Amino acid sequence: MLFWHNQLEHLWPSPGELYSGPPSSLLRESLPLPYLKQEELPNIPSMEPPCPAFQYVLRAATSPAVKQQEEALTYLNQGQSYEVQMLCNSKLGDAPRWPGLLKSVVHVVFHDRRLQYTEQQQLDGWRWSRPGDRILDIDVPLSVGVIEPQVLPSQLNTVEFHWDPTKRTSLFLQVHCISTEFTPRKKGGEKGVPFRLQIDTFKPSDKELPPEHLHSAGCLIKVFKPKGADRKLKTDREKIEKQPLHERDKYQTACESTVFMECSPWPEPSAEPYPPLSPLALTSSHSCKLLSPERERLCCSPPFILDTLRGNPAEGLDPGASILETQQWLHRHRFSSYCRILANFTGTDLLKLTRQDLIQICGAADGIRLFNTLRARPIRHRLTLYVAQEASRQENEVPKNSDSGFYQEISLDELSAVELMGKLAELLALPANQIHRLFHQGPGGILILLSDQVVQNLKDESYFVAVVKKVQNPDGYYLVLT
């Protein structure tokens, strides 16, 4: 009895092409089906894996030093053009749905989750250190079948293009950043971070509707300085060849090309740029949460609106602060760019973070600044003086001041004569541009001209009486501290 099975036609060769021998040797063993069962059995699983609708192949060899359970890793040279073949399986029934051009978006993103949380800050730092350069670019002269390539200046790590799935399409890409640029600088031998090269394919829609997502796939890459990828690949091969035979089985077999693996689509730049962290985000990767409309409005509000919120900008963060109050505190202290990351934190949660935690979330510069701001003590001025105004002999000598005769505090930070003169003019209600000289009464009643060096040598918390002397030529005042 013969059983016929309807299967999809694939591009692989037939058994007769693969094996040379009598036709009888090509017969399969019969499946354990019920005897004399005439109806079809729709639940019989196919022995062949389903073919994906799209396939992207990077013409670069994978590393042989990757263990079996890990994702394949490919080494690339900085600035070198690499071909990515865009393949579409026209045998599938979905192919007629795509009669026109398709749009694909290529990203180079961080594979490390810790860097994903601070991706925008990392990219801004790279932009500042490499002005005018891009992370990802298309080599248009070498590319085939690439239509309308677009490189957005605001997105250094993203390129877009259109292509016809019925024609040959080869995209040549260049990655200009190296993996060690995003690792903490040490004395040498830094281990570079891996990137994810991902392609998202969409079907353009009509009537200004969002495009329909069709397929997404990506691969893991590391980028080295020119010719560094070749040396690293050679080193990995020599390392594996020195391993015993039973140890080599633990590693993947290197391939001449890298096949992209299917994955979820990368979020659009207009959406959340990075998922918000919860207080448990340092130990759990499943704590993402969308912002409520009120908190979304708060995170997107301009700084001048947030300045009107209650609270003193110099105050520390209250451990009992709610999530909303914590967001307001971050805005007041110029940490607005991290409000989305810390969207689920209360005051207690934020104060529990260590210095290293904040560096991992906000980067080195802002992480240290946030740590110091959270634990800042009240600023102590460098010099504090107490000054009282001598009662005027004649009312027309100086402007009237109701506080004359009482000592008032003057705090100095720059320890300069100009700073002291400005503070005295404000205290005595005198025009600062009309105070021509500032003296200090020394031993025996002598007058010492107050210079920066004299101000720096004044004793902290000293007290003086300010005597105002009016002069005629030029018109103005002399101040004497007695």
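Colleague: Let me start with one residue: is Leu 415 buried or exposed?

Modeller: Leu 415 counts as buried, because its relative accessibility is 10% and the cut-off for buried is under 20%. Please keep in mind that this is a predicted model.

Colleague: Where does Leu 415 sit along the chain?

Modeller: Leu 415 belongs to the loop between β14 (408–412) and α12 (417–428). Its backbone deserves a look too: Leu 415 is not a glycine, yet it has a positive phi of about 55°. Glu 148 is another such case, with a positive phi of about 50° although it is not a glycine. Glu 148 is placed in strand β6 (residues 147–151).

Colleague: And how do I read a pair of aromatic rings?

Modeller: Two values describe such a pair: the distance of the centres and the angle of the planes. Now take Phe 54 and Trp 163. Their ring centres are 6.0 Å apart and their planes stand at 75°, so this pair is edge-to-face. An angle over 60 degrees is what earns that label.

Colleague: Which parts of the chain does the pair of Phe 54 and Trp 163 tie together?

Modeller: Phe 54 is in strand β1 (residues 54–58) and Trp 163 is in strand β7 (residues 158–163), so the pair ties together parts 109 residues apart in sequence. Phe 54 is buried, with a relative accessible area of 2%, and Trp 163 is buried as well, at 0% relative accessibility.

Colleague: What kind of aromatic pair do Phe 439 and Tyr 478 form?

Modeller: Phe 439 and Tyr 478 form an edge-to-face pair, with 5.7 Å from centre to centre and 70° between the planes. This pair links distant parts of the chain, 39 residues apart: Phe 439 is in strand β15 (residues 435–441) and Tyr 478 in strand β18 (residues 476–481). Phe 439 counts as buried at 16% relative accessibility, whereas Tyr 478 is partly exposed at 28%.

Colleague: How many aromatic pairs are there by this rule?

Modeller: The count comes to 8 aromatic pairs. Ring pairs also link Phe 110, Phe 182 and Phe 195 into a cluster.

Colleague: Let's move on to helices. How should I think about the sides of one?

Modeller: An α-helix has 3.6 residues a turn, so residues three or four places apart point the same way. With that in mind, look at helix α3 (residues 119–129), where Glu 119, Gln 121, Leu 123 and Trp 126 are buried. The buried residues of α3 pack against β4 (102–110) and α2 (113–117).

Colleague: What about two helices together: at what angle do α10 and α11 pack?

Modeller: Helix α10 (residues 355–362) and helix α11 (residues 364–374) pack at about 135°, and their axes are 7 Å apart. That makes α10 oblique to α11. Their crossing is right-handed. On the α10 side, the contact is made by Arg 355, Leu 358, Ile 359 and Cys 362. On the α11 side, the residues include Ala 364, Ile 368 and Phe 371. The residues of this contact divide into 8 nonpolar, 1 polar and 2 charged.

Colleague: One last feature: how far apart in space are Gly 422 and Asn 433?

Modeller: From C-alpha to C-alpha, Gly 422 and Asn 433 are 9.2 Å apart, while in sequence they are 11 residues apart. Gly 422 is in helix α12 and counts as partly exposed, at 32% relative accessibility.

How values were computed:
Residues numbered from 1 in each chain as written. Predicted model: local features only at pLDDT ≥ 70, side-chain atom pairs only at ≥ 80, totals over all residues. Heavy atoms only, no water. Axes fitted to C-alpha atoms, helices over the stretch in contact; angles between N-to-C directions. Helix = DSSP H or I, 4+ residues; strand = E, 2+ residues; numbered from the N terminus. Parallel < 35°, antiparallel > 145°, perpendicular 65-115°, else oblique. Left-handed = near helix turned anticlockwise from the far one by under 90°. Contact = heavy atoms within 4.5 Å. Nonpolar A, V, L, I, M, F, W, Y, C, P; charged D, E, K, R; others polar. Phe/Tyr/Trp six-rings, centres within 6.5 Å; stacked < 30°, edge-to-face > 60°. Buried < 20%, exposed > 50% of the residue type's maximum accessible area, 1.4 Å probe, protein only.
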